[in-house]
Amino acid sequence: MHLADRLAARTLELVDIPSESLHEDEIRKHVRGLAEAALPPVFAGDDAFLYAGPRRSGVPLVVLAGHYDTVPAQDNVPGRVAGDAVHGCGASDMKGGLAVALELCRDLGPAPPAADLALLLFGREELPPRYNPLPAVLDGNELVRDAELVLLLEPTDGQVQAGCLGHLTARLTFAGVSGHSARPWLAENAIERAIAGLAPVLGHARRDATVGGLTFHEVLSVTRFEAGIADNVIPDRAVATVSFRYPPDRSPAEAEAYLRALADGAEVETTGNSPPGAVVSGTPLVRALLDAGAHGLEPKQAWTNVADFTVRGIDAVNFGPGHPRYAHARDELVEVGALVHAYETLRCLLSG
């Protein structure tokens with residue numbers, strides 16, 4: 001079968017397997033079977049699996065890493081191939097990248113000429129940080145810590161996207177005193193306090209930060225607001241949920257301190273704080289990936305599991321087929337040409 005047809009067929013096969021986060025049994029079993037047919041298993045956890053051959057002396061280790069879960073389907077399963085693209089839930093994020101990795105491992109085996117090859121599969125990626133299975137794997141597995149480069153096959157439109165934003169989520173609670181809406185002077189309206197207290201948050205201007213020669217955009221958004229129990233009651237509590245995306249020039253602690261100072265007057269409850277990923281851009285393997293055909297170097301304007309690796313001193317970048325704009329969309333798709341480009345670029349890198 002022609003390479004383009006093979007990659008499209010594998011991607012569609014994966015798209016057609018339901019794989020919403022926490023409902024991953026079928027897709028997990030399927031991709032593990034494909035991986036085990038290509039590389040020897042090294043580690044199996046609750047929801048993360050590593051495959052690799054024996055290490056060769058003096059040869060760098062490259063790890064291809066990909067998640068097999070998706071966001072809930074939006075009437076886009078089963079998928080289809082049409083207009084030179086594979087359409088369906090997860091096609092871009094990231095079953096296209098997963099198909100490329102699985103086919104590469106099948107074709108090259110564990111010992112390509114230029115690098116040892118490992119495959120890391122994991123689930124629960126599309127969930128809050130507490131579900132992330134990677135920290136336990138990385139802290140307990142020496143092989144991955146020996147990697148010279150981890151390639152996370154997120155949709156990057158064929159570019160190398162280095163680093164990633166940190167992501168802090170928090171609930172800001174504004175307290176008041178409840179009362180009858182006919183006599184509001186006897187109450188203290190929590191919504192009014194929230195409107196005043198959220199002004200600095202809503203007024204936060206986008207901040208650009210250049211790290212490792214790449215410019216990241218820091219943004220702060222209110223994503224939810226809850227208040228009131230009845231139409232005739234002045235509420236004594238209003239809660240805003242915020243999403244703070246911060247560049248690699250802030251630490252998680254600094255990001256939290258900044259938000260608390262900005263939201264002075266609110267009770268701040270941090271619900272998640274995933275650290276940013278370090279910018280890895282000038283290493284020999286990243287330069288080799290660019291020389292192999294990647295479409296240039298950009299910052300990752302989002303959070304990805306690259307951060308799980310770089311906070312542990314393991315070099316990692318994002319590189320995969322698919323345009324980020326289609327991730328999580330009802331019209332999600334990945335172009336077949338992008339699958340071929342990713343495959344050929346990685347094959348060139350691994351074959352030297």
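Visitor: Where is proline 78 found?

Guide: This is a predicted model. In it, proline 78 sits in the loop between strand E3 (61-67) and strand E4 (80-82).

Visitor: How should I read the peptide bond from valine 77 to proline 78: cis or trans?

Guide: Start with the general idea: most peptide bonds are trans. The bond from valine 77 to proline 78 is cis, with omega near 5°. A cis bond also joins aspartate 93 and methionine 94, where omega is about -10°. Methionine 94 belongs to helix H3 (residues 91-108).

Visitor: Which sign does phi have at arginine 124?

Guide: In general, most residues other than glycine have a negative phi. Arginine 124 has a positive value, near 60°. Arginine 124 is in the loop between strand E6 (116-122) and helix H4 (134-140). Aspartate 157, not a glycine either, has a positive phi of about 60°. Its place is the loop between strand E7 (149-152) and strand E8 (160-162).

Visitor: What is the relative accessible area of aspartate 157?

Guide: The value for aspartate 157 is 37%. Partly exposed covers the range between under 20%, which is buried, and over 50%, which is exposed. Aspartate 157 is therefore partly exposed.

Visitor: Now a helix. Which residues of helix H7 are buried?

Guide: In H7 (residues 252-262), the buried residues are Ala255, Leu259 and Leu262.

Visitor: Why do the buried residues of H7 line one face of the helix?

Guide: The general idea is that an α-helix has 3.6 residues a turn, so residues three or four places apart point the same way. Seen down the axis of H7, the buried residues fall within an arc of 65°, so they line one face. The face turned away from that buried side carries the exposed residues Ala253 and Ala261.

Visitor: What do the buried residues of H7 pack against?

Guide: They pack against strand E9 (166-175), helix H6 (190-202), strand E12 (214-227) and strand E14 (237-246).

Visitor: How many of the residues of E9 are buried?

Guide: In E9, 8 of the 10 residues are buried, so this strand is largely enclosed by the rest of the structure.

Visitor: Which way do E9 and E14 run, parallel or antiparallel?

Guide: E9 and E14 pair in the antiparallel sense, over 10 bridges. For one position, leucine 168 has phenylalanine 244 of E14 as its bridge partner. E9 is also joined to strand E15 (residues 267-274) by 7 bridges, and these strands run antiparallel. There, leucine 172 has valine 268 of E15 as its bridge partner.

Terms used: Residues numbered from 1 in each chain as written. Predicted model: local features only at pLDDT ≥ 70, side-chain atom pairs only at ≥ 80, totals over all residues. Heavy atoms only, no water. Buried < 20%, exposed > 50% of the residue type's maximum accessible area, 1.4 Å probe, protein only. Helix = DSSP H or I, 4+ residues; strand = E, 2+ residues; numbered from the N terminus. Arc of directions from axis to C-beta. Contact = heavy atoms within 4.5 Å. Pairing = 2+ DSSP bridges.
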